[in-house]
Amino acid sequence: MPIPLESNSLKKIYRNKGRTTTAINNFTFSVKDKGVFSLLGRNGSGKTTFVKVSTTQLTPDDGYVRVFGKDVVNDEKELRHMISLVPQESRPFPHMTPYEHVYLFQKMNGKTREESKDRAESVIGLLGMEDFAKVECVNLSGGQKQLTMVAMALSLDAQIYFLDEPTIGLDIITRKRVWNAINKYRNAGKSIFLTTHYLDEAAILSDEIGIVSHGNFIKQGTLDELRSGLEYDTRVAIRGRTDAKDFEQYGRVYSHERSTVIFTNQENVEKILSDSSVRKERIEIGPVGLDDVFISLVGEDIEVDEN
Amino acid sequence: MIRELYRTITSLTELNGFIPLWRRPIALVAVISTPFSFLFFIYLFGGPSKILIGAIGGILFTIVNASTMLQTDLLFYKLDLKFQQVVASTPINPLIYVFGLATGNIVFTLPGLAIFMGIIVYESHIGVLQILSVIGTLIMTWVIFSMFSFLVSTRVREMRDIWPISVMFSIIFGVVPPIYYSISVLPAPVEYFAYIVPTTWAAILLKGIVIHDFAGVALPALVFLVEMFCVLGFTSQFSDWRHNRS
């Protein structure tokens, strides 16, 4: 059985009116198992371009992408039977209801009226959209509109679902509905390729995470693998004013007016607590999270704000 | 396969035609107001004898106008809704996609077309063969301008660029060609230019079928047919369906 996704030396350059922009410089990675793979990166790091290449909308300038063994250029027609997409910043038709979106999208893809109806009802139920399924999208909230786009994509019987920032703009309750749907698809043996800016979402949902920066694929692994790759294993956050210099001997320190974050190792925690004149209730101690991994890999210039 | 294609086309027709028409019937007025205004003025200044030419012009203008307006829909679906990306990642063929949406666009024009056709038949007493030839000419016109719209929509990168293009197309293809008058009244250089525009041949064909010599329409029909296939070939060659496939 071919692996879900494989990208090798992928390069994509945009050319517009004599200007060239390298969106992807080198993406080399593979998703070996089915499940949820999240791609993290800052804006403009090449995530959406990668989704477009993988869904046969852009042709690579160099390298290749294979989805379940199908090359995105040479096997594009076969590949389109296996994929489904939620594009970034997509919106539903204002004059149609969410139900009509899913129903017509099914019919558009060759399903009979009965099949389309059944599928539409099933996906609407899965995402908990019954209350507004028959309301014109022009009258829906941003989150409900976004959910409509997700429902359309999930209605297809694909092998891999490319979801490009599918939960952007959703409140936490609605996000959790999408997470539940993603989990159900994962449990049903489907693959999901997710791009997101919500690190908690990636941490909760993903079997594996990839991190990209400035058009290059930096690192991949499970959350634990990514954490263990860090120099430090513990995060000590101190609320309120402190002198950062007091803690520099213990690890990396990010200090701001109202907070200080120290990335350090477990054995230093006791020393920090005893050396510090800070009251204990102002200190939070925990393992480094995905956001710390992300910052250490791609966000050297990101400011840490504990507020 | 045929059934699946049928489902694809009808669902797109529903999406772009029946559902918006049902929910926003006011759009019907927008599509047919201009040709009916022309007909009114032609009647006002030309008298009852010019009604037929006004109706022929109206039926052709309605088709050209609706097909040209398709480019705005296509671009909106592509840039604002990102629906084209969704479709482009499925097995749906781009020409089927356009065909389905263009059929939806025609839904809005059906009442207007029916009225114009009624006037034409009433005024000219044409037979079934001529009626079918008129319909055939209109279908070819619709194909040509829907393809033009598709081509333009795949090339334009910003929504605001489509408004001037759309107006320009409407003038070049709907107003300048001799739809409401004889091509012979045009000055020589403009006349040569007019012969390049497909609408000219559609107008010559329709006038030949309805007013002049039905037997003499073979040549314009052939030219128009060749133009249609050229436009189809040109569109499939130069349209940029999957954005920026360099």
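Which residue in E13(A) is the bridge partner of A:Arg235? Keep this in mind for the second stop; the model on screen is a predicted one.

**Stop 1: the domains of chain A**

Select residues 5-227 of chain A and give them one colour; this is domain 1. Then select residues 232-287, which make up domain 2. Taken over C-alpha atoms, the centres of these two domains of chain A are 39 Å apart.

**Stop 2: a sheet of 4 strands**

Stay with chain A and show the strands E11, E12, E13 and E14. They form an open sheet with antiparallel pairing, and the order across it is E12-E13-E11-E14. Select 252-256 for E12 and 283-287 for E14: these are the edge strands, and each of them pairs on one side only. From one strand to the next, the twist averages 15°.

Now select residues 234-239, which are strand E11 of chain A, together with residues 259-264, which are strand E13 of chain A. The two run antiparallel and are joined by 6 bridges. Show A:Arg235 and look across to E13(A): the bridge partner there is A:Phe263. That settles the opening question. While the strands are on screen, one general point can be kept in mind: side chains in a regular strand alternate between the two faces of the sheet.

**Stop 3: strand E1 and its partners**

Select residues 5-16 of chain A, strand E1, and residues 19-31, strand E2. E1(A) and E2(A) pair in the antiparallel sense over 9 bridges. To see one partnership, show A:Tyr14, whose bridge partner in E2(A) is A:Thr21. The hairpin of these strands has 2 residues between them, and A:Lys17 takes a positive phi near 50° in this hairpin.

Add strand E4 of chain A, residues 62-67, which runs antiparallel to E1(A) and is joined to it by 5 bridges. Here, A:Lys11 has A:Asp62 as its bridge partner in E4(A).

**Stop 4: two helices of chain A**

Hide the strands and select residues 98-108 (helix H3) and residues 113-126 (helix H4) of chain A. Their axes are 8 Å apart, and the helices pack at an angle of about 135°. H3(A) and H4(A) are therefore oblique to each other. The crossing in which H3(A) passes H4(A) is right-handed. To see the contact, show side chains including A:Tyr99, A:Val102 and A:Tyr103 of H3(A), and A:Ala120, A:Val123 and A:Ile124 of H4(A). Sorted by class, the contact residues are 7 nonpolar, 2 polar and 4 charged.

**Stop 5: two helices of chain B**

Move to chain B and select helix H1, residues 2-23, then helix H5, residues 94-107. The axes of H1(B) and H5(B) come within 7 Å and cross at roughly 35°. H1(B) passes H5(B) in a right-handed crossing. Among the residues that meet are B:Leu5, B:Ile9 and B:Leu12 in H1(B), and B:Ile96, B:Phe99 and B:Leu101 in H5(B). This contact divides into 11 nonpolar, 8 polar and no charged residues.

**Stop 6: where the chains meet**

Finally, show both chains. How many residues of chain B are in contact with chain A? There are 26, and they touch 26 residues of chain A. Helices H1 (2-23) and H4 (83-88) of chain B are the elements that give two or more residues to the side of chain B touching chain A. H1(B) gives the most, with 10 residues. That side of chain B has 9 nonpolar, 8 polar and 9 charged residues.

Notes. Residues numbered from 1 in each chain as written. Chains lettered and ligands numbered in written order. Predicted model: local features only at pLDDT ≥ 70, side-chain atom pairs only at ≥ 80, totals over all residues. Axes fitted to C-alpha atoms, helices over the stretch in contact; angles between N-to-C directions. Parallel < 35°, antiparallel > 145°, perpendicular 65-115°, else oblique. Left-handed = near helix turned anticlockwise from the far one by under 90°. Contact = placed C-beta atoms within 7 Å. Nonpolar A, V, L, I, M, F, W, Y, C, P; charged D, E, K, R; others polar. Pairing = 2+ DSSP bridges. Domains from an automatic or database assignment.
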